[in-house]
Amino acid sequence: MMAVKVECVQGNIAAQQDMDVIVNAANAQLLPGSGVAGAIHSAAGPGLAEECRALAPIGPGEAVISSGHNLPNQHVIHCLGPVYGVDEPSDRLLSDCFRNALLLADRSGLSSIAFPAISTGVFGYPLRDAAAVAMKAVADTLDNLNSVRLVRFVLFSDQDLSVFEDALKRDPGLSGR
Ligand code: ADP
């Protein structure tokens, strides 16, 4: 098994120049919206929403892939995270997002993927819990990856970054890699 690097950075998910695919914290209809989806659609241009029309709707935990349009990335993977306290079990549905996105990127032959903190904005998932779920989902999927070599979490603020870095350090399947 080849090594997969997992890292956390502060930044804008729509400005990851060196990644093959970025993940969108999408809504069910895959429409532009606010937060991550707004940033990705405005950087991608209207072609992305047009392409997405044929892929929508998606359910919590699901992932679909589109091209990157005017983004610096070849592709966008759109995931619908759970609305915290509404879509249950939230932890499994959030974990499914990361797992399904990783497997979809891998099946598409991509080598680098960047994730935002899915569900932790408008959808209300507590950040610390979401970070632990994300790291465990990545750790549990690593053995099934053949082409993905770099997994990056992109956090909007320095505080959010330190929460994710802490979760990365604490995950028994990822620490010391
Ligand atoms: P959701 O609806 O899944 O909760 P949001 O887009 O509302 O998704 O927020 C998800 C997380 O992404 C939040 O922690 C938010 O602070 C962060 N975020 C918002 N915009 C960006 C961006 N441009 N790049 C990276 N992270 C972002």
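Helices are DSSP runs of H or I with at least four residues, numbered from the N terminus. In this predicted model, helix α1, spanning residues 35-44, gives the most to the shell around the ligand, with three residues. The ligand takes the space of the largest pocket, and the protein buries 88% of the 570 Å² that the ligand exposes when taken alone. Beyond the binding site, this briefing covers two cis peptide bonds, at Pro-57 and at Pro-89, and two non-glycine residues with positive phi, Leu-30 and Ser-119.

**Ligand surroundings**

- The ligand has 15 residues around it, and those that come nearest are Ile-13, Val-36, Ser-119, Thr-120 and Gly-121.
- By residue class, the shell around the ligand holds nine nonpolar and six polar residues, and no charged ones.

**Polar contacts with backbone atoms**

- A polar backbone atom of Ile-13 is 2.9 Å from a nitrogen atom of the ligand.
- For Val-36, a backbone N or O atom lies 2.8 Å from a ligand oxygen atom.
- A polar backbone atom of Ser-119 is 2.8 Å from an oxygen atom of the ligand.

**Cis peptide bonds**

- Most peptide bonds are trans.
- Ala-56 and Pro-57 are joined by a cis peptide bond with omega of about -5 degrees.
- Pro-57 belongs to the loop between α2 (46-53) and β3 (63-67).
- A cis peptide bond also runs from Glu-88 to Pro-89, where omega is near -5 degrees.
- Pro-89 is placed in the loop between β4 (75-79) and α3 (90-107).

**Positive phi outside glycine**

- Most residues other than glycine have a negative phi.
- Leu-30 is not a glycine, yet its phi is positive, at about 55 degrees.
- The loop between β2 (21-25) and α1 contains Leu-30.
- Leu-30 counts as buried because its relative accessibility is 1%, and buried means under 20%.
- Ser-119, likewise a residue other than glycine, has a positive phi near 75 degrees.
- The loop between β5 (112-115) and α4 (127-141) contains Ser-119.
- With a relative accessibility of 5%, Ser-119 therefore counts as buried.

**Ser-119 in both contexts**

- Ser-119 is among the residues that come nearest to the ligand, and its phi is positive.

Methods:
Residues numbered from 1 in each chain as written. Predicted model: local features only at pLDDT ≥ 70, side-chain atom pairs only at ≥ 80, totals over all residues. Heavy atoms only, no water. Near = heavy atom within 4 Å. Polar contact = N/O pair within 3.5 Å; in protein donor to acceptor, adjacent residues only side chain to side chain. Areas by Shrake-Rupley, 256 points an atom, 1.4 Å probe, with all protein chains shown as cover. 1 Å grid on protein atoms, 1.4 Å probe; cavity = no way out; pocket = protein on both sides within 12 Å on 5 of 7 lines; lining within 4 Å. Sits in = over half its atoms within 2 Å of the grid points. Helix = DSSP H or I, 4+ residues; strand = E, 2+ residues; numbered from the N terminus. Nonpolar A, V, L, I, M, F, W, Y, C, P; charged D, E, K, R; others polar. Buried < 20%, exposed > 50% of the residue type's maximum accessible area, 1.4 Å probe, protein only.
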